[in-house]
Amino acid sequence: MGRALLPDEFLGRYDMISIYDTTLRDGSQMEGIAFTVEDKLRIAARLDAFGVAYIEGGFPGSNPKDIEFFERVGELGLKHAKIAAFGSVRHKDKAADEDPGLRSLVESGCEVLTIFGKSWDAHVTRALRATLDENLRMVEDSIAYLK
């Protein structure tokens, strides 16, 4: 059994912490919150000024507001943060290179892309109506395509 690291030893091993902020996507899913494009740009600029390393901008291609955000965020001249585009793995019945969601991630121009897939077998079989092996192929195909 290994021993616990003392604070100095831990910090010596991990001298940098990177923050991945989800305010512009996940933070806007609360009742009563509806960011405008201008709001999202101001928040992104402020997060960059704080030194946040990654700012998740939302789902490119999902709605006009997010499309405009990804088109305009380059105007900010961010000094620290990289903008991340968020989306799901390919759809069950689409090839990765034909999936509109994956295509919008690539077309966002972001160098950081964040994807999610189903990890609970009940979600895979009930919500996606896919087999567990199909689900793994969806994840694998999506990663390979984006890479």
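Ser-104 lies in helix H4, which spans residues 100-107, and this helix is a good place to begin reading the model, which is a predicted one. Ser-104 has a relative accessible area of 15%, and because a residue counts as buried when that value is under 20%, Ser-104 is classed as buried. When its neighbours within four places in sequence are left aside, Ser-104 is in contact with Pro-60 and Gly-61.

Ser-104 shares its buried state with other residues of the helix, for the buried residues of H4 are Leu-102, Ser-104 and Leu-105. Looking down the axis of H4, one finds these buried residues within an arc of 160 degrees, and therefore they line one face of the helix. A general property of helices helps in picturing such a pattern: an α-helix has 3.6 residues a turn, so residues three or four places apart point the same way. As for what covers the buried residues of H4, the cover includes strand S3 (82-88), strand S4 (112-116) and helix H6 (132-146).

The two ends of the helix can be followed next. At the N-terminal end of H4, Asp-99 acts as a cap, with a side-chain oxygen that lies 3.0 Å from the backbone nitrogen of Gly-101. After H4 comes Gly-109, a residue whose phi is positive, near 80 degrees.

A residue in another part of the chain offers a contrast. Ala-34 is found in a loop, namely the one between strand S1 (20-21) and helix H2 (37-50). Its relative accessible area is 61%, and because exposed means a value over 50%, Ala-34 is exposed, whereas Ser-104 is buried. Even so, Ala-34 touches Asp-39 and Lys-65, if residues up to four places away in sequence are not counted. Ala-34 can also be placed relative to Leu-24, since the two are 10 residues apart in sequence and their C-alpha atoms are 9.9 Å apart in space.

With these two residues in mind, the reader can turn to the protein chain as a whole, which has 6 helices and 4 strands. Read from the N terminus on, these elements run α-β-α-β-α-β-α-β-α-α. Of the 147 residues in the protein chain, 30% are buried, and Ser-104 belongs to the buried class. The protein chain exposes about 9900 Å², of which carbon and sulfur atoms supply 54%. Finally, if one takes the contacts in the protein chain between residues at least 6 apart in sequence, 70% of them join residues at least 24 apart.

Notes
Residues are numbered from 1 along each chain as its sequence is written. Side-chain values use heavy atoms; hydrogens and water are left out. Buried means under 20% relative accessible area, exposed over 50%, partly exposed in between (1.4 Å probe, protein chains only). Contact means heavy atoms within 4.5 Å. The arc is that of the directions from the helix axis to the C-beta atoms. A polar contact is a pair of N or O atoms within 3.5 Å; within protein, one must be able to donate a hydrogen and the other to accept it, and residues adjacent in sequence count only if both atoms are side-chain atoms. Accessible areas come from the Shrake-Rupley method with a 1.4 Å probe; for residues, only the protein chains shown count as cover.
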